[in-house]
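Visitor: I am new to reading protein models, and I would like to learn how words such as buried and exposed are earned. Could we look at one together?

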Amino acid sequence: MRIVVADDADRVAQEAAGIVERFVSASESPALGLATGGTMEGLFAELVRRHRRRGLSFGAVDAYLLDEYVGLDRCDPNAYRSVVHRLFACHVDLGIGSLHGLDAQAPDLGAECTRYERKVRAASIGLQILGIGSNGHIAFNEPGTPFDSVTRVVELSRQTRGDNARFFPADHSVPVRAMTQGIATILAASELLLMACGAGKASAVARAVEGPINDSVPASAVQLHSNVTLLLDPPAAQGLSASSPVGGNQILA
Ligand code: PGA
């Protein structure tokens, strides 16, 4: 695992955009796994900036979303497909039909999860971007999720709903259910890029990277993957042991 501690959240976004740019430019038909959440906003802005200023093209990319709320209309501004469209896809040259996600309004959500799991596996994600929840979740895989989990409908934890309430108007509650790629689905990607910013993530990051690998910290599953970059700002890194995080890690200040 490579651990990169950038100077601040802006630098985290720039470093992440650099990794995405290298991936997109090196591959003929890149399958890019996108995440959502506040941490991703800087990355999306930086990718849009590179597209506008330097012509970074997403024309050959197929992008796959990790998860989606159940219970929101497709056009709801908080539906993850809407978020990614608004912050990224509509500003770049991503092809029509190249932004893939879960349809939370499908008549049979279980069948929709099965369809999407097959689609993501067939696409063979080359680079999967991840955030991490304050409770250690990745995508919407909450603590207790088995590592062999695949795409499915889940209940969101109280902590996750509380954390995400800031995105919703005061008179709207955060949905209680979501659809999410499973941990096994995520680990099947060739490369993982996990981004975390802020002191609120420090404990989850430390437990994910240095703690035991078990389902009480879903993000600890990334220790099982052979090609992972963890990109942190200093507050998110503050729980890591300064001398030797875990064998083979690299800390760049
Ligand atoms: P955040 O969410 O970027 O909004 O903190 C990350 C996550 O829950 O995965």
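Visitor: Why is S124 called exposed or buried?

Guide: The word rests on a cut-off, since buried means under 20% relative accessible area, exposed over 50%, and partly exposed in between, with a 1.4 Å probe and protein chains only. S124 has 52% relative accessibility, so S124 counts as exposed. Its place is in the loop between helix 4 (109-123) and strand 6 (127-130), where helices (H or I, at least four residues) and strands (E, at least two) are DSSP runs, numbered from the N terminus. The phi of S124 is near 55°, a positive value in a residue other than glycine.

Visitor: What should I keep in mind about where such values come from?

Guide: This is a predicted model, in which local features need pLDDT of at least 70 and side-chain atom pairs count only at pLDDT 80 or more, while totals for chains, interfaces and linings use all residues. Residues are numbered from 1 along each chain as its sequence is written, and side-chain values use heavy atoms, with hydrogens and water left out.

Visitor: Why is A139 called buried or exposed?

Guide: The relative accessible area of A139 is 10%, so A139 is buried. A139 is placed in the loop between strand 6 and strand 7 (152-155), and although A139 is not a glycine, its phi is positive, at about 50°.

Visitor: How do you know whether T151 is buried or exposed?

Guide: With a relative accessibility of 6%, T151 counts as buried. T151 also has its place in the loop between strand 6 and strand 7. Contact means heavy atoms within 4.5 Å, and, not counting residues up to four places away in sequence, T151 touches L102, C113, Y116, E117, T180, Q181, G182 and T185. The C-alpha atoms of T151 and R118 are 9.2 Å apart in space, and the two residues are 33 apart in sequence.

Visitor: What makes E28 count as buried or exposed?

Guide: Its relative accessibility is 78%, so E28 counts as exposed. E28 is found in the loop between helix 1 and strand 2 (31-34), and its C-alpha atom is separated by 8.5 Å from that of V61, which is 33 residues away along the chain.

Visitor: Which word fits S98, buried or exposed?

Guide: S98 has a relative accessible area of 11%, so S98 is buried. S98 lies in the loop between helix 3 (80-87) and strand 5 (99-100), and, leaving out residues up to four places away in sequence, S98 touches V61, D62 and A63.

Visitor: Which word describes N227, and why?

Guide: At a relative accessible area of 24%, N227 is partly exposed. N227 lies in the loop between helix 7 and strand 10. Leaving aside its neighbours within four places in sequence, N227 is in contact with R2, S190, E191 and L192. N227 and M1 are 226 residues apart in sequence, and their C-alpha atoms are 6.5 Å apart in space.

Visitor: What does helix 7 pack against?

Guide: The buried residues of helix 7 (residues 202-210) are A202, A204, V205, A206, A208 and V209, and they pack against strand 1 (2-5), strand 9 (191-196), strand 10 (228-232) and helix 8 (234-237).

Visitor: Which residues touch the most other members of the largest nonpolar core?

Guide: A nonpolar core is a set of buried Ala, Val, Leu, Ile, Met, Phe, Trp, Tyr and Cys residues joined through side-chain atoms within 4.5 Å. The largest one has 70 residues, of which L34, F58 and F88 touch the most other members. Helix 1 (residues 9-26) gives the most to this core, with seven residues. A second, separate core of ten residues includes Y80, F140, V154 and F168.

Visitor: How do you know how compact the whole chain is?

Guide: The chain has eight helices and eleven strands. Its radius of gyration is 17 Å, close to the 18 Å that the globule rule gives for 253 residues, so the chain is as compact as a globular protein of that length. The radius is taken over C-alpha atoms, and the rule is 2.2 Å times the number of residues to the power 0.38. Buried residues make up 54% of the 253 residues.
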